[in-house]
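Q: Please take a close look at one loop in this protein and work outward from there. What does its serine touch, and what else is worth checking in the parts around it and beyond?

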Amino acid sequence: MTDYSRVSLRDVTLRDGLQLTGKVLDVDVRVDLVRTLLTAGIPELEIGSMARPDLVPPMAGSLDIVAALTPEELEHCWVWVATPRHVAKAAAAGVRNFQYCLSVSDAHNRANIGRTAEDSVAAMPEAIAIAKEVGGRIQLTLATSFTCPFDGPVDPDRVRGIVADPRTAGADDVVLADTLGQAYPSEVRELFSTIEAKDRRLVFHGHDTWGMGVANSLAAADGGAEVVDGALGGLGGCPFAPGASGNTASEDLLFATRPDYLTPDVLADLVKAGEKLLTRVDEQSRSRTAQGARSKADAFAWVIGEQ
């Protein structure tokens, strides 16, 4: 039986969470949130993207966030990249953890990155080399690992093939993303359990479009995932994936997995941080845990009431 408390959360609020909001938060606001999340005990964060700000405006200033953080803080932080040039530019700014993203589906990779999946795979050895030159870590992040908004269901063998491709072998982690939130638990468990990771960490990035975010994350853990992604309040989605809604809520994932650092006070701080952020970006919380924490069941230690 899986010990879910050993499943690590990476909070992706500051990248995948914010990218659909249409609002550019001040750098100091985002830096404060980084420090709030790290102080709470969350071990890894996604803090920004090298995507062009004219295409994804909320990601403007990502390297300014990097510049404001200490090297010790940056050890916990990941930045989204899609090309070797992205990696080089981010590395020069001090980034050491790189999420190299491509889509399993060619149609989505063209919409998201402007090239075929094969082109992205072919460029990965150069991206890996640049990351390793600065002592960094790099992930193979596979968007649309389950379904594509343009082509429909994705063949699991295509996912397994990219993971097994020698050109991606230098990645430290493999991230499988349910970009549209259309996957279901047995499907997720099956795919993860058949991935040949070869000493690389397996990570699940799930969305909650069909209400399966937490269930799919636990199923991924059953299949071997060590890390799951979430965003405060279930914020987020992909601007190049019609039908994609918010991420799985970080609050819900923490309440389900109960890592050692999670206490009622820590959860209360995260619920409040999520509420403050969602107010800033005019979004509603999708977190059932955050809603429960505001209930009137005062005999339950995790309830924070109206304070």
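A: Start with Ser105, which sits in the loop between strand S4 and helix H6. Keep in mind that this is a predicted model. Ser105 has a relative accessibility of 5%. Residues under 20% count as buried, so Ser105 is buried.

Now look at its partners. Setting aside residues up to four places away in sequence, Ser105 touches Thr144, Cys148 and Asp151. With Asp151 there is also a polar contact, side chain to side chain, at 3.5 Å. That distance sits at the cut-off, since a polar contact needs N or O atoms within 3.5 Å.

Cys148 deserves a second look. Its relative accessibility is 4%, so Cys148 is buried as well. Cys101 is another buried cysteine, at 5%. Does either one form a disulfide? How many disulfides does the structure hold? The count is zero. To count, two cysteine sulfur atoms would have to lie within 2.5 Å.

Next, the pocket. The largest one has a volume of about 760 Å³. Its lining runs to 41 residues, and those closest to the centre are Met50, Ala51, Arg52, Trp80 and His86. Several elements each give two or more residues to this lining, among them strand S4 (97–103) and helix H6 (106–112). These are the elements on either side of the Ser105 loop. Helix H1 (13–17), strand S2 (44–49) and helix H5 (84–93) are also on that list. H5 supplies the largest share, three residues. By class, the lining has 18 nonpolar, 14 polar and nine charged residues.

Follow H5 for a moment. Ala91 belongs to this helix. Ala91 is buried, with a relative accessible area of 8%. Beyond its neighbours within four places, Ala91 is in contact with Arg96, Phe98 and Val134. Take Val134: 43 residues separate it from Ala91 in sequence, yet their C-alpha atoms are 7.1 Å apart. Pro71 and Ala107 show another pairing: 36 residues apart in sequence, they sit 37 Å apart, C-alpha to C-alpha. Pro71 lies in helix H4 (residues 71–74). Pro71 is exposed, at 57% relative accessible area.

Now follow S2. This strand holds Glu46. Buried or exposed, for Glu46? Its relative accessible area is 1%, so this charged residue is buried. The Glu46 side chain makes a polar contact with the side chain of Arg15, at 3.2 Å. Residues touching Glu46, outside the four-place window, include Arg10, Asp11, Leu14, Trp78 and Gln99.

Leu14 leads to the second largest pocket, as one of the residues that line it. About 190 Å³ of space lies there. Its other lining residues include Leu25, Val29, Arg30, Asp32, Lys276 and Arg280. Helix H2 (27–40) and helix H12 (264–280) are the elements that each give two or more residues. The largest share, five residues, comes from H2. The classes here are six nonpolar, one polar and four charged.

Past H12 comes a backbone point. Asp282 is in the loop between H12 and helix H13 (288–293). Its phi is near 60°, a positive value in a residue other than glycine. Why flag that? Most residues other than glycine have a negative phi. Asp282 is exposed, at 58% relative accessibility. Asp199 also has a positive phi, about 70°, and is not a glycine. Its place is the loop between helix H9 (185–193) and strand S9 (201–206). At 84% relative accessibility, Asp199 counts as exposed.

Back to the starting loop. Ser105 is buried, touches the buried Cys148, and makes its side-chain polar contact with Asp151.

Key
Residues are numbered from 1 along each chain as its sequence is written. This is a predicted model: local features need pLDDT of at least 70, side-chain atom pairs count only at pLDDT 80 or more; totals for chains, interfaces and linings use all residues. Side-chain values use heavy atoms; hydrogens and water are left out. On a 1 Å grid over the protein atoms alone, a cavity is a set of points where a 1.4 Å probe fits but cannot get out, and a pocket is an open set with protein on both sides within 12 Å along at least five of seven lines; lining residues have an atom within 4 Å of a point. Grid points are joined across faces, edges and corners, and a volume is the space filled by probe spheres set on the points. Helices (H or I, at least four residues) and strands (E, at least two) are DSSP runs, numbered from the N terminus. Buried means under 20% relative accessible area, exposed over 50%, partly exposed in between (1.4 Å probe, protein chains only). A polar contact is a pair of N or O atoms within 3.5 Å; within protein, one must be able to donate a hydrogen and the other to accept it, and residues adjacent in sequence count only if both atoms are side-chain atoms. Contact means heavy atoms within 4.5 Å.
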